[in-house]
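Trainee: I would like to test some labels against their cut-offs. Can we go through them one by one?

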Amino acid sequence: LMDTTIRDDDYLFQRYNIPVLAVVENMSGFRCPDCGKVHNIFGESHIDEIAEKYGIPVTAKIPMDPSVAAKCDAGNIEYCEENWLDPVVEKLADLG
């Protein structure tokens with residue numbers, strides 16, 4: 001499914017001359033609230049191979065994390081201290 005999604009998006013972006021800067025993998029495993037380890041509950045990810053096939057760097061992998069969900073539910077997402085998107089922010093900052 002990821003391969004098809006990236007292929008279709010890549011085609012669309014190329015057609016309209018929109019550069020693709022990065023791939024961000026959402027739900028990249030599940031972070032256990034007890035041990036902190038990320039478990040691949042959907043099986044092993046193949047995003048690196050797929051992104052390489054299309055020449056797009058994988059910039060972030062965001063696991064499902066119950067602590068982040070709890071902060072969202074409480075309206076406190078600004079207190080989330082995870083740094084998963086820092087590489088994306090850096091890539092965007094480099095553009096400007």
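Mentor: Start with Glu25, which is buried yet has no salt bridge. Keep in mind that this is a predicted model.

Trainee: How do you know that Glu25 has no salt bridge?

Mentor: The nearest side chain of opposite charge, Lys61, is 4.8 Å away. A salt bridge needs a side-chain nitrogen within 4 Å of a carboxyl oxygen, so the pair does not count.

Trainee: Where does Glu25 lie, and what does the side chain of Glu25 make a polar contact with?

Mentor: Glu25 is in strand β1, residues 23-31. Its side chain makes a polar contact with the side chain of Ser45 at 2.7 Å. The cut-off is 3.5 Å, so that distance fits.

Trainee: Now the cysteines. Why is Cys32 in no disulfide?

Mentor: A search of the whole structure finds zero disulfides. For Cys32, the nearest cysteine sulfur is that of Cys35, 3.7 Å away. The limit is 2.5 Å, so the two sulfurs are too far apart for a bond.

Trainee: Are Cys32 and Cys35 buried or exposed?

Mentor: Cys32 has 16% relative accessibility. Buried means under 20%, so Cys32 counts as buried. Cys35 has 54%. Exposed means over 50%, so Cys35 is exposed.

Trainee: Which residues make the nonpolar surface patch?

Mentor: Tyr11, Leu12, Tyr16 and Ile18 make a patch of about 450 Å². Tyr11 lies in helix α1, residues 2-15.

Trainee: What makes Tyr11 exposed?

Mentor: Its relative accessible area is 56%. The threshold is over 50%, so Tyr11 is exposed.

Conventions. Residues numbered from 1 in each chain as written. Predicted model: local features only at pLDDT ≥ 70, side-chain atom pairs only at ≥ 80, totals over all residues. Heavy atoms only, no water. Buried < 20%, exposed > 50% of the residue type's maximum accessible area, 1.4 Å probe, protein only. Helix = DSSP H or I, 4+ residues; strand = E, 2+ residues; numbered from the N terminus. Lys, Arg positive; Asp, Glu negative; His and termini not counted. Polar contact = N/O pair within 3.5 Å; in protein donor to acceptor, adjacent residues only side chain to side chain. Patch = residues over 30% accessible without salt bridge, like charges linked within 9 Å, V, L, I, M, F, W, Y side chains within 5 Å. Areas by Shrake-Rupley, 256 points an atom, 1.4 Å probe, with all protein chains shown as cover.
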